[in-house]
Amino acid sequence: MKTTAQFLMMKQQREKIVMVTAYDYPGARFSEDAGVDMILVGDSLGMVVLGYESTMRVTVDDMIHHSKAVRRGAPQTFIVVDMPFGSYHGDVNDTLKTAVRMMQETNANAVKVEGAGDIVPVIKKLTDAGIPVVAHLGLLPQSAGVLGGYKVQGKTAEQAEQLIQDALEVEQAGACAIVLECIPHQLTAVVSEKLTIPTIGIGAGAEADGQVLVFHDLLHFGKHHMPKFVHSFAQVGDEIERGIKGYTDAVKAGTFPTLAHSFTMKEEELNELYG
Ligand code: KIV
Ligand code: NA
């Protein structure tokens, strides 16, 4: 398993860091076997796995439930778990208790929190308690309601300046890495250059020290909307559709199961059964 120190070294040596989200045992196994550097149990599970419209209804218990399955599937991979909406905005001691519970119950390696400002002391508190924290700036899905939707962030010089300041503050507070979501690639270049800790981009251009994508997006697994910044490297959804349709058609047509899929009783046993 890689460590935060190794991620720092990868940045220094300009070796890209690969992160992917996972939410269950098979997804985690495939990801570990593919050799990704880090797995994120993202609260995007609210949308891609649980069918909610946003991340806001995901609970700490949801995150723990899924993260345990991910750990079982990826015992050798650095796992980051999202702290969900509302779980780190109250009293900082409550936040620490929640983070400790998440780490202990899931055996994850780090937690992730969105934002700077009021969140900076939270990052410091958790880090001081020994919990590695990944920060998340730019588009903050848990604040989409306040941001007015899922929009590119940091497009004006003023916003960009603020984001650079925020990035420096979360690094200062002890963050071990930072996710940059949906910002102009030139801003990603500046932030990545100014920080010692690795930046992991999503919709943030090639200049980040690493990349992260949502499992279901990169595989085109599901019927949800794919954002502009996603590239689907496979078409799993089409295959699943084909498979379930094929099964349904075969059962209806009586072509499945065949004798080859069936268990057969010996002739003499049958005779005895019927006398
Ligand atoms: O929840 C998630 O999948 C994330 C990534 C988009 C970074 O936070
Ligand atoms: Na998230």
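This short presentation describes the overall build of the protein, its annotated residues, its core and its chain end.

Good morning, colleagues. Please keep in mind throughout that the model is a predicted one.

I begin with the overall build. The protein has 12 helices and eight strands. Its C-alpha atoms fill a box of roughly 85 × 40 × 35 Å along the principal axes. Of the 275 residues, 40% are buried. Among contacts with a sequence separation of 6 or more, 58% join residues that are 24 or more positions apart. The domain assignment gives domain 1, covering 4-234, and domain 2, covering 239-274. The C-alpha centres of domain 1 and domain 2 lie 46 Å apart.

I turn now to the annotated residues. Which residues does UniProt list for "binding site"? The record, an unreviewed entry, names Asp 43, Ser 44, Asp 82 and Lys 112. These residues are spread over 70 residues of sequence, yet they cluster in space, with a largest C-alpha distance of 12.5 Å.

Let us take two of them in turn. Asp 43 sits in the loop that connects β2 (38-41) with α3 (45-48). Is Asp 43 buried or exposed? Asp 43 counts as buried because it has 30 C-beta neighbours inside 10 Å, where 20 or more are required. Leaving aside residues up to four places away in sequence, Asp 43 touches Thr 55, Val 58, Met 63, Asp 82 and Pro 84.

Asp 82, for its part, belongs to strand β3, residues 78-82. Asp 82 also counts as buried, because 29 C-beta neighbours lie inside 10 Å. With the same sequence neighbours left out, the contacts of Asp 82 include Asp 43, Met 63 and Lys 112. Two of the listed binding-site residues, Asp 43 and Asp 82, therefore touch each other, and Met 63 is a contact of Asp 43 as well as of Asp 82.

The UniProt entry, again unreviewed, places an "active site" feature at Glu 181. Glu 181 is part of strand β6, residues 177-181. Why is Glu 181 classed as buried? The reason is that 21 other C-beta atoms lie within 10 Å. Beyond four places in sequence, the residues that Glu 181 touches include His 136, Leu 139 and Ile 202.

These annotated positions meet again around ligand 1. The residues around ligand 1 include Asp 43, Ser 44, Asp 82 and Glu 181, together with Thr 21, Ile 202 and Val 214. The shell divides into five nonpolar, three polar and three charged residues.

Next, the core. In soluble globular proteins, nonpolar side chains tend to be buried together. Here, the largest nonpolar core has 65 residues. Those with the most contacts inside this core are Ile 39, Val 111, Ile 123, Val 133, Val 134, Ala 175 and Ile 178. Ile 123 touches two others of that group, Val 133 and Ala 175, and its further contacts include Val 113 and Val 170.

Finally, I come to the later part of the chain. Gln 235 is found in the loop between α10 (215-218) and α11 (236-253). Gln 235 counts as partly exposed because it has 13 C-beta neighbours inside 10 Å. The C-alpha atoms of Gln 235 and Lys 68, which are 167 residues apart along the chain, are separated by 27 Å.

Helix α12, residues 267-274, is hardly covered, with zero buried residues among its eight. After α12 comes Gly 275, whose phi is positive, near 75°.

Thank you for your attention.

Key:
Residues are numbered from 1 along each chain as its sequence is written. Chains are lettered from A and ligands numbered from 1 in the order in which they are written. This is a predicted model: local features need pLDDT of at least 70, side-chain atom pairs count only at pLDDT 80 or more; totals for chains, interfaces and linings use all residues. UniProt positions are given in the numbering used here, feature names are shortened, and annotations may be inferred rather than shown by experiment. Helices (H or I, at least four residues) and strands (E, at least two) are DSSP runs, numbered from the N terminus. A residue is buried if 20 or more other C-beta atoms lie within 10 Å of its own, exposed if 12 or fewer, and partly exposed in between; C-beta atoms are placed from the backbone. Two residues are in contact if their C-beta atoms, placed from the backbone, lie within 7 Å. A residue is near a molecule or strand if its C-beta atom, placed from the backbone, lies within 6 Å of it. Ala, Val, Leu, Ile, Met, Phe, Trp, Tyr, Cys and Pro count as nonpolar, Asp, Glu, Lys and Arg as charged, and the others, Gly among them, as polar. Domain bounds come from an automatic or database domain assignment. A nonpolar core is a set of buried Ala, Val, Leu, Ile, Met, Phe, Trp, Tyr and Cys residues joined through C-beta atoms within 7 Å.
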